[in-house]
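Here are some exercises on helix packing, each with a worked solution. Keep the viewer open and try each task before reading on.

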Amino acid sequence: MIFLFWYELQVLLKDENAFLNCTWIDPLRSQASHLMAKRVMVAYALWAVGGPLGLHHLYLGRDSHALLWMLTLGGFGFGWAREFFRIPAYVGEANRETEGVNMRSRTNIPPPVSPVRFAGQVCVGIYFGTVALIGLYSLHFFYLIVLPLSVGAGVHLVSSVGQQTSNLHKTLTACLVTSPIFYGSTLSPLPISLAASVTAAQHRRFKPSKSPGSKQELGPRLYRLGLAWLAFSAPLGYCIFHNTTATLYYLSDCVAALLDIFWFLPWLRGTLEYFLLIPYRILCALTGGGYTEEAWRKVLDILLKEYTEREKDALQVLSLNTEASIEEITRSYRELAKTWHPDHNPSEEAEKMFITIHEAYEVLLQHHKPNRFK
């Protein structure tokens, strides 16, 4: 996912260069560019409606800025609020680029240092690293490769906002060199992001001018933005789904245990069950009931069928895979219990193993209990 994100980011930045640096020499083209001039009121309207999603930047041709806003929800809210005062400058910059009037010299002189951009590089680098810690922690060589590349991608994205950019290879090299120093630390995104931000600031430059008249259609731009967004959010979405599965299973287990206390009073048990499931019934009612309610039931069943980490350990104890049925679980339990029973194998190790096998069997039985809430 990270490599896909880099690729889409580089293509996106390249296309943005072509869009920003187009020039118009022919008078007819100049007239056409005047008719296509960006308007301040339109930019403000898009900022108000979809500012945290970068709609106004998409309108102004600032695709890297739009991607940054999509991934951070408007620069964590602060950047979106700050742009209330920056939008006229953005519109003027976009119109000057469209008309071929370059107000900034694209020479070897680097752009001025911006404390706001540097702070954004550090924060977004830490943010990307944190997302990697949440969603990609299980990958091999995480602290040596995955984490520094994730932090470097975030820093370089901020470096490429507007008319500026930096040296991607040197930024990533700084991340890869710094990462082993803080290997295994959950705070490692901070020093890695600082090192990458300093390197990006040292190698900042204006984006080079591209061929005149070049322009990217909206469709391909949206397509690349969508791929980059999916590459970023897919690992995080998987992690959220996994945690939601574990949480739902835990809640259902707690409700079932509470109801089991009143097994001797069926009427009281039914009353408690009714009130405990009121939030679920309200959700079904709000979504229309009928087919929608059945769909929610199926989603809940799918989530509750997922094995938790404890249940996966129990499967390993009984030497079973995740596809094992309740009959296979019972058969394996009986065979192992017979082998490790203290009467047949009188030793302290056998007794501990017998207890472990019995606990694993109870855990898997709880998982395969029929749904109580139909």
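**Exercise 1. The chain as a whole**

Among contacts in the chain between residues at least 6 apart in sequence, what percentage join residues at least 24 apart?

Solution. Bear in mind that this is a predicted model. Start with the inventory: the chain has 18 helices and 2 strands. Next, burial: 39% of the 374 residues count as buried. Now the contacts: taking pairs at least 6 apart in sequence, 72% of them link residues at least 24 apart.

**Exercise 2. α9 against α11**

Work out how α9 and α11 pack: what is the angle, and how far apart are the axes?

Solution. Find α9 at residues 142–159 and α11 at residues 189–202. Their axes lie 9 Å apart, at an angle of about 40°. Oblique starts where roughly parallel stops, at 35 degrees, so α9 is oblique to α11. As for handedness, α9 passes α11 in a right-handed crossing.

Then list the residues that touch. From α9 come L147, P148, V151, V155 and S159, and they meet P189, I192, S193, A196, S197 and A200 of α11. Sorted by class, this contact has 8 nonpolar residues, 3 polar and no charged ones.

**Exercise 3. α9 against α10**

Do the same for α9 and α10: which residues meet?

Solution. Geometry comes first: the angle is about 140° and the axes are 8 Å apart. Roughly antiparallel needs an angle over 145 degrees, so this pair is oblique as well. α9 passes α10 in a right-handed crossing.

On the α9 side, the contact is made by L144, I145, P148, L149, V151, G152, A153, V155 and H156. Facing them in α10 are L168, T171, L172, C175 and L176. The tally here is 11 nonpolar, 3 polar and no charged.

**Exercise 4. Zoom in on G152**

Is G152 buried or exposed, and which residues does it touch beyond its sequence neighbours?

Solution. G152 sits in helix α9. Its relative accessible area is 0%, and the cut-off for burial is under 20%, so G152 is buried. Setting aside neighbours within four places in sequence, G152 contacts T171, L172 and C175. Those three residues also turn up on the α10 side of the contact with α9. For a backbone check, look at L168: it is 16 residues from G152 along the chain, and the two C-alpha atoms are 8.1 Å apart.

**Exercise 5. α11 and what covers it**

Check the length of α11, then say which of its residues are buried and what covers them.

Solution. Begin with length. The 14 residues of α11 should span 20 Å at 1.5 Å a residue, and the end C-alpha atoms are indeed 20 Å apart, so the two values agree. Next, burial: P189, P191, I192, S193, A196, S197, T199 and A200 are the buried residues. The cover over them includes α8 (115–135), α9 and α10 (168–178).

Now take α8. Its axis and that of α11 are 8 Å apart, at an angle of about 140°, so this pair is oblique too. α8 passes α11 in a right-handed crossing. α8 brings F118, Q121, V122, G125, I126, G129, T130 and L133 to the contact, while α11 brings P189, L190, S193, L194, S197, V198, A200 and A201. By class, that gives 10 nonpolar, 6 polar and no charged residues.

Finish on S193, found in α11. S193 is buried, at 0% relative accessible area. Beyond neighbours within four places in sequence, S193 is in contact with Q121, V122, G125, I126, V151 and V155. To place these partners, note that Q121, V122, G125 and I126 belong to α8, whereas V151 and V155 belong to α9.

**Exercise 6. Two positive phi values**

Where do L73 and F141 lie, and are they buried or exposed?

Solution. Take L73: phi is near 55°, a positive value in a residue other than glycine. L73 is found in helix α5, residues 63–76. With 54% relative accessibility, L73 counts as exposed.

Then F141, whose phi is likewise near 55° and positive. F141 lies in the loop between α8 and α9. At 57% relative accessibility, F141 counts as exposed.

Terms used:
Residues numbered from 1 in each chain as written. Predicted model: local features only at pLDDT ≥ 70, side-chain atom pairs only at ≥ 80, totals over all residues. Heavy atoms only, no water. Axes fitted to C-alpha atoms, helices over the stretch in contact; angles between N-to-C directions. Helix = DSSP H or I, 4+ residues; strand = E, 2+ residues; numbered from the N terminus. Parallel < 35°, antiparallel > 145°, perpendicular 65-115°, else oblique. Left-handed = near helix turned anticlockwise from the far one by under 90°. Contact = heavy atoms within 4.5 Å. Nonpolar A, V, L, I, M, F, W, Y, C, P; charged D, E, K, R; others polar. Expected span 1.5 Å × (residues − 1). Buried < 20%, exposed > 50% of the residue type's maximum accessible area, 1.4 Å probe, protein only.
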